[in-house]
Amino acid sequence: MTAQVIDGKALAEELRQGFKARVDALAACGHKPGLVVILVGEDPASQVYVRNKVNGCLAIGMHSEKIVYDVAVDPETVLEKIAELNADPAIHGILVQLPLPGHFNEEAVLEAISPEKDVDGFHAENVGALAQGSPRFIPCTPYGVMKMFEKGKVDLAGKEAVVIGRSNIVGKPMALLLINAGATVTVCHSKTKDLKFHTSRADIVVAAVGKPRFVTADMVKPGAVVIDVGINRLPDGKLCGDVDFAGCLAVAGQITPVPGGVGPMTITMLLANTIEAAERKAAAAAGAGK
Ligand code: NDP
């Protein structure tokens with residue numbers, strides 16, 4: 001068997017094309033979607049992510065800007081800027097690029113963002129809404145994975161799903177989304193006793209571990225859907241995922257590649273969340289007769 005490859009790059013492009021009309025319609029009624037990305041420090045990987053996020057917005061006609069602070073900035077300065085952006089009607093999404101330097105209380109910064117503008121979906125109020133099954137913003141990476149399931153026509157109801165990883169940004173929200181979609185979900189992590197026992201009986205495996213080629217063909221049930229969230233930089237500079245793609249391709253039913261899989265979907269869903277925020281704002285303004 002050779003697995004069907006779910007092409008995240010193509011899907012991301014298809015979705016972004018569709019976003020353009022929504023952005024134009026919003027701009028026409030004075031609600032052009034606007035995203036601000038805050039970066040503290042000069043971490044090279046974060047700089048690339050921030051640039052891609054801002055450019056992704058600009059490419060479809062949205063407003064976007066980055067605000068960069070020196071690594072030693074007083075956290076109070078960043079909190080003041082967030083308060084200012086919370087009150088700015090032209091800004092619908094605020095994102096603080098993680099990780100923050102050690103002298104920051106990351107949680108306090110995330111909580112300072114208005115839940116209505118928290119397009120990353122990391123504010124406790126939005127995490128709670130997702131857990132209750134009525135999300136306001138879905139964290140971008142797992143949101144992208146759900147779109148890939150949709151594209152691959154993967155029916156999640158009643159399926160056994162295993163999520164490897166329990167981070168707040170990927171593993172946990174992924175598990176919640178799968179539960180909400182009717183899957184029976186097992187979350188594995190570094191303390192899991194027998195990982196292969198769990199993965200080899202799963203219809204769906206989502207790997208978000210951060211270890212190159214960690215999921216091997218012998219861990220995968222024939223015909224399973226294998227989603228690779230991992231982005232790992234190899235010593236030769238190449239990117240690879242958490243899944244041994246070549247090996248698993250021969251066993252899985254559907255699989256996502258790295259690069260060109262979940263990665264391009266993450267920024268796409270950030271654009272989606274910002275547009276959704278602007279649409280809510282426009283609908284509220286129309287309702288108020290403004
Ligand atoms: P974290 O490091 O926060 O989480 C990794 C998870 O993997 C933890 O829950 C950890 O368990 C678990 N883990 C580590 N070792 C093992 C093991 N031997 N067996 C089972 N589980 C293990 O990473 P993130 O969730 O932030 O990211 C995961 C990967 O996804 C990374 O490669 C990251 O670069 C990538 N990523 C990709 C994105 C994209 O856009 N495609 C976006 C975000 C992340 P424990 O909790 O016990 O420590």
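Q: Where does K153 lie?
A: K153 sits in the loop between helix 6 and strand 5 (160–164). Helices (H or I, at least four residues) and strands (E, at least two) are DSSP runs, numbered from the N terminus. This is a predicted model, where local features need pLDDT of at least 70, side-chain atom pairs count only at pLDDT 80 or more, and totals for chains, interfaces and linings use all residues. Numbering starts from 1 along each chain as its sequence is written, and side-chain values use heavy atoms, with hydrogens and water left out.

Q: And what's the phi of K153?
A: About 55 degrees, so to speak on the positive side, although K153 is not a glycine.

Q: Which residues does a cis peptide bond join?
A: One cis bond joins L98 and P99, with omega at about 0 degrees. Another joins V258 and P259, with omega at about -5 degrees.

Q: Where are those prolines, P99 and P259?
A: P99 is in the loop between strand 4 and helix 4. P259 is in the loop between strand 11 (254–255) and helix 10.

Q: OK, pockets. What volume does the largest pocket have?
A: About 1200 Å³. A pocket here is an open set of points on a 1 Å grid over the protein atoms alone, where a 1.4 Å probe fits, with protein on both sides within 12 Å along at least five of seven lines. Points are joined across faces, edges and corners, and the volume is the space filled by probe spheres set on them.

Q: How many residues line the largest pocket, and which lie nearest its centre?
A: The lining has 44 residues (an atom within 4 Å of a point). Y49, T141, I231, G263 and T266 lie nearest the centre.

Q: Which elements give two or more residues to that lining?
A: Helix 2 (44–59), strand 4 (93–96), helix 6 (140–151), strand 9 (232–233) and helix 10 (262–287).

Q: What about domains?
A: Domain 1 (30–114) and domain 2 (140–263), with bounds from an automatic or database domain assignment, each give at least three residues to the lining of the largest pocket. The centres of domain 1 and domain 2, taken over C-alpha atoms, are 29 Å apart.

Q: What's the volume of the second largest pocket?
A: About 320 Å³. It has 16 lining residues, with L110, F122, V127, N168 and I169 closest to its centre.

Q: Which element gives the largest share of the lining there?
A: Helix 4, with four residues.

Q: Where does the second largest pocket lie relative to the domains?
A: Domain 1 and domain 2 both give residues to its lining, so the second largest pocket lies between them.

Q: Now the ligand. How many residues surround it?
A: 21 residues, each with a heavy atom within 4 Å of the ligand. The closest are R166, S167, S190, I231 and T266.

Q: How does that shell divide by class?
A: Nine nonpolar, ten polar and two charged. Ala, Val, Leu, Ile, Met, Phe, Trp, Tyr, Cys and Pro count as nonpolar, Asp, Glu, Lys and Arg as charged, and the others, Gly among them, as polar.

Q: What polar contacts does the ligand have with S167, H189 and I231?
A: A polar contact is a pair of N or O atoms within 3.5 Å. A side-chain N or O atom of S167 is 2.5 Å from a ligand oxygen. A backbone N or O atom of I231 lies 3.1 Å from an oxygen atom of the ligand, and a polar backbone atom of H189 is 3.4 Å from a ligand nitrogen.

Conventions
A polar contact is a pair of N or O atoms within 3.5 Å; within protein, one must be able to donate a hydrogen and the other to accept it, and residues adjacent in sequence count only if both atoms are side-chain atoms.
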